[in-house]
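This report describes a protein model together with the DNA strands beside it. Please look at the sequence and the structure first.

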There are 2 protein chains.
Amino acid sequence: MEVAPRPPATPASPTVITARELARHLGVSQSMVSRAFSPGASIAPEMRARVLRAAEELGYRPNVIAAALSRRRSSIVAIVMAELTNPFYPAVLEQLTEALQAAGLQSLLFTVPPGQPADSCLPLLRQYHVDAVVITSASLSSAGAAEWLGDGRAAVLFNRTAAGPTALDSVACDNLAGGRAAAEALLAQGRRRLAFVAGRADTSTSQDRERGFRAALAERGLPPPLRVEAGDFSYEAGHRAALALTGEADGIFFANDILALGGLDALRHESGLRVPADVAVIGFDDIPMAAWPAYRLTTLRQPVPAMVARAVELLQARLGGTAGPPRGERLPAELVARQSL
Amino acid sequence: MEVAPRPPATPASPTVITARELARHLGVSQSMVSRAFSPGASIAPEMRARVLRAAEELGYRPNVIAAALSRRRSSIVAIVMAELTNPFYPAVLEQLTEALQAAGLQSLLFTVPPGQPADSCLPLLRQYHVDAVVITSASLSSAGAAEWLGDGRAAVLFNRTAAGPTALDSVACDNLAGGRAAAEALLAQGRRRLAFVAGRADTSTSQDRERGFRAALAERGLPPPLRVEAGDFSYEAGHRAALALTGEADGIFFANDILALGGLDALRHESGLRVPADVAVIGFDDIPMAAWPAYRLTTLRQPVPAMVARAVELLQARLGGTAGPPRGERLPAELVARQSL
DNA sequence: AGCGTGATTGCATACGGATGCAAAGTCGCT
DNA sequence: AGCGACTTTGCATCCGTATGCAATCACGCT
């Protein structure tokens with residue numbers, strides 16, 4: 001064995017003060033320090049003020065790790081992400097982190113290889129004893145969900161809906177209605193040879209948008225749209241899909257914006273078609289680039305700020321114990337008309 | 001006081017096993033369980049195997065929180081980000097998280113309002129007792145750095161270099177040489193009325209790229225470039241900057257790609273200029289969109305995978321105690337010639 | 001004055017693992 | 001057989017907070 005016995009851990013840097021030291025400094029018990037920092041604890045207002053002032057002066061801050069161990073609650077939320085390369089998600093991540101930070105929670109980031117279920121990081125989540133998980137762009141198997149839930153832990157699917165019977169809280173926009181709206185927008189422009197470009201086929205987002213799209217056509221007695229499966233949600237996949245549709249369709253609904261941008265470029269630069277004159281294109285998400293002059297993509301905007309706010313609310317309710325049966329929140333998508341149709 | 005005394009915390013969900021329970025199950029001491037999970041600890045191979053197998057069966061995983069408290073080391077690295085809206089950073093974040101995960105470290109994500117120093121989250125970092133910080137796209141004041149460093153803690157600036165005397169480890173690409181290369185590329189195309197578009201003026205990236213650019217011109221006895229300060233690193237800022245330069249320059253070096261894309265769109269769609277016929281454009285970073293047909297931007301590619309790897313190595317060295325004086329790593333940028341010049 | 005009631009405070013211990021140190025066990029060699 | 005050297009194990013304690021419970025204190029009322 002080669003590990004030399006170390007001195008009793010790294011000597012704590014002198015700037016780090018513990019509750020006990022602060023307490024001794026004040027001539028009170030450590031409990032009082034702890035209570036000064038717990039809202040609603042049994043402590044006289046003057047005492048609390050005295051402790052807080054001293055803490056300020058000496059630079060004391062409760063050790064979150066120790067508090068987590070003791071309280072069995074870490075104030076850490078895991079965010080599981082897969083497709084950070086889709087510009088929709090960085091925006092979500094940023095807002096989510098900020099909202100959680102504002103709620104006194106920190107974000108532990110987990111990335112999962114795209115296409116993989118989120119299950120692979122469940123062991124880590126358990127090791128880190130995170131209070132909650134927000135799962136975006138990566139699904140969680142029913143078994144995984146069942147294993148995860150249980151005692152005070154919370155989980156929210158973001159931009160995903162639960163497959164199967166395991167009911168988790170979820171927040172997404174109304175993809176079904178969005179799909180219908182896309183159909184209506186294309187039809188309103190007189191397009192009749194419509195096509196749908198699916199992203200990853202096993203995602204609820206792609207499925208629901210497609211169902212809404214098809215339903216709107218069916219209700220009008222129109223034939224179902226052409227369908228191309230892009231395989232994943234990426235620029236390149238959209239590019240390929242659009243090439244496959246060249247000449248076949250005069251109106252294409254892409255399952256999301258990043259696909260649509262790839263498609264737009266393919267149609268214009270490879271197929272030599274004019275958009276919207278020859279082909280109309282509509283996307284979903286409203287990522288920043290959709291508004292750029294090079295694209296001016298008409299799309300359905302996901303209300304990300306509202307979705308984030310709702311997700312955090314659901315989490316807090318679940319963590320606070322006030323929470324009924326799991327809810328599936330559906331916020332409306334808004335049509336943003338630009339120049340691609 | 002209104003808090004009802006709770007039962008002794010939430011009853012641990014039955015699936016969570018502690019080291020003590022596992023030990024009792026095996027008829028050994030808790031120490032053995034702990035040692036089975038600590039590489040290099042004093043334990044017989046058969047014992048370790050027995051413990052690990054039982055752990056597998058019963059689903060035991062060490063509680064990272066408890067371990068962190070005891071070992072005074074959390075295995076958590078804070079990543080401080082500001083500009084998640086610049087597509088360069090999501091890629092960095094993804095790779096960084098993955099590399100850290102592979103190194104047994106988790107990423108706690110902190111976002112800072114753009115333009116703010118990273119200091120505002122120092123208190124939180126201290127509360128969470130993170131082992132290390134990776135600071136990207138947000139600077140840290142010297143005072144903040146000084147306060148942070150000290151005992152076993154590590155900090156790495158990513159895509160930033162330390163201002164002032166406080167020497168922190170840093171990893172960036174060679175922005176100076178990159179700036180020179182940009183000048184050379186533009187000059188090789190016969191452009192002579194050159195301009196530089198700065199991003200946030202107080203960032204080392206913008207400053208160094210500009211210095212390299214100017215130096216290359218100066219060495220050839222050419223006049224200094226025009227200069228526009230975009231204000232921040234955003235599409236819109238690049239757009240505005242390009243409009244200001246219309247007719248003034250025939251070759252523009254944008255401090256990064258996102259600025260360049262905004263500039264490109266402004267030149268083509270607003271100013272009615274042809275790129276590269278009328279104006280040549282070069283960027284920096286090589287974000288995915290630079291390669292898209294709508295842009296085909298010539299740019300200097302930052303070697304992100306190598307930078308991430310280096311950053312993690314530096315961190316580990318610093319955490320492991322093997323680390324000399326702070327190092328400023330500079331990896332070379334590579335010219336990616338496309339069609340914007 | 002005596003006692004009850006509610007507000008504060010301190011004490012002691014738990015949270016789940018890591019680890020210095022001593023005890024116990026294993027071998028090999030003289 | 002006896003003893004030293006090394007390997008494994010167990011014991012006890014610490015990490016820094018939170019919190020149930022008992023003790024203390026202040027005050028008001030009979």
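The buried residues of helix α1(A) pack against two other helices of chain A, α2 (30–36) and α3 (45–58). The model is predicted.

**Helix α1 of chain A**

Which residues of α1(A) are buried? In this helix, which covers residues 19–26, they are Ala19(A), Leu22(A), Ala23(A) and Leu26(A). Because these residues cover an arc of only 100 degrees around the axis, they lie on the same side of α1(A). The other side of α1(A) carries exposed residues: Arg20(A), Arg24(A) and His25(A). After α1(A) comes Gly27(A), which has a positive phi, near 75 degrees.

**DNA strand D**

DNA strand D is surrounded by 30 residues. Ala19(A), Arg20(A), Ser34(A), Ser70(A) and Ser31(B) are the closest. By class, this surface is made up of 13 nonpolar, 10 polar and seven charged residues. Of the strand D atoms within 4 Å of the protein, 56% are part of sugar or phosphate, and the rest are part of bases.

Phosphate oxygens of strand D take part in a contact with a polar side-chain atom of Tyr60(A) and in one with a backbone N or O atom of Asn63(A). With Ser70(B), a backbone N or O atom lies 3.4 Å from a base oxygen of strand D. Several elements give two or more residues to the surface near strand D: α1, α2 and α4 (64–71) of chain A, and α2 (30–37), α3 (45–58) and α4 (64–71) of chain B.

**DNA strand C**

How many residues lie around DNA strand C? There are 29, and those that come nearest are Ser31(A), Arg35(A), Ala19(B), Ser34(B) and Ser70(B). Of the strand C atoms that come within 4 Å of the protein, sugar and phosphate account for 56%. The surface near strand C divides into 12 nonpolar, 10 polar and seven charged residues.

For Ser29(A), an N or O atom of the side chain is paired with a phosphate oxygen of strand C. The side chain of Arg35(A) has an N or O atom paired with a base oxygen of strand C, and a polar side-chain atom of Ser31(B) is likewise paired with a base oxygen of that strand. At least two residues of the surface near strand C come from each of these elements: α2 and α4 of chain A, and α1 (19–26), α2 and α4 of chain B.

The table lists contacts with the two strands.

| Residue and its atom | DNA atom | Distance |
|---|---|---|
| Tyr60(A), side chain | phosphate oxygen, strand D | 3.1 Å |
| Asn63(A), backbone | phosphate oxygen, strand D | 3.1 Å |
| Ser70(B), backbone | base oxygen, strand D | 3.4 Å |
| Ser29(A), side chain | phosphate oxygen, strand C | 3.1 Å |
| Arg35(A), side chain | base oxygen, strand C | 2.9 Å |
| Ser31(B), side chain | base oxygen, strand C | 3.0 Å |

**Domains and Asp285 of chain A**

The domain assignment divides chain A into domain 1 (19–62), domain 2 (72–173 + 304–333) and domain 3 (175–301). The centres of domain 1 and domain 3 of chain A, taken over C-alpha atoms, are 60 Å apart.

Asp285(A) belongs to strand β9 of chain A, residues 280–285. Is Asp285(A) buried or exposed? Its relative accessible area is 4%, and buried means under 20%, so Asp285(A) is buried. The side chain of Asp285(A) makes a polar contact of 2.8 Å with that of Gln302(A). Leaving out residues up to four places away in sequence, Asp285(A) touches several others, including Asn86(A), Phe88(A), Arg209(A) and Thr299(A).

Technical notes: Residues are numbered from 1 along each chain as its sequence is written. Chains are lettered from A and ligands numbered from 1 in the order in which they are written. This is a predicted model: local features need pLDDT of at least 70, side-chain atom pairs count only at pLDDT 80 or more; totals for chains, interfaces and linings use all residues. Side-chain values use heavy atoms; hydrogens and water are left out. Buried means under 20% relative accessible area, exposed over 50%, partly exposed in between (1.4 Å probe, protein chains only). Helices (H or I, at least four residues) and strands (E, at least two) are DSSP runs, numbered from the N terminus. The arc is that of the directions from the helix axis to the C-beta atoms. Contact means heavy atoms within 4.5 Å. A polar contact is a pair of N or O atoms within 3.5 Å; within protein, one must be able to donate a hydrogen and the other to accept it, and residues adjacent in sequence count only if both atoms are side-chain atoms. A residue is near a molecule or strand if one of its heavy atoms lies within 4 Å of it. Ala, Val, Leu, Ile, Met, Phe, Trp, Tyr, Cys and Pro count as nonpolar, Asp, Glu, Lys and Arg as charged, and the others, Gly among them, as polar. Domain bounds come from an automatic or database domain assignment.
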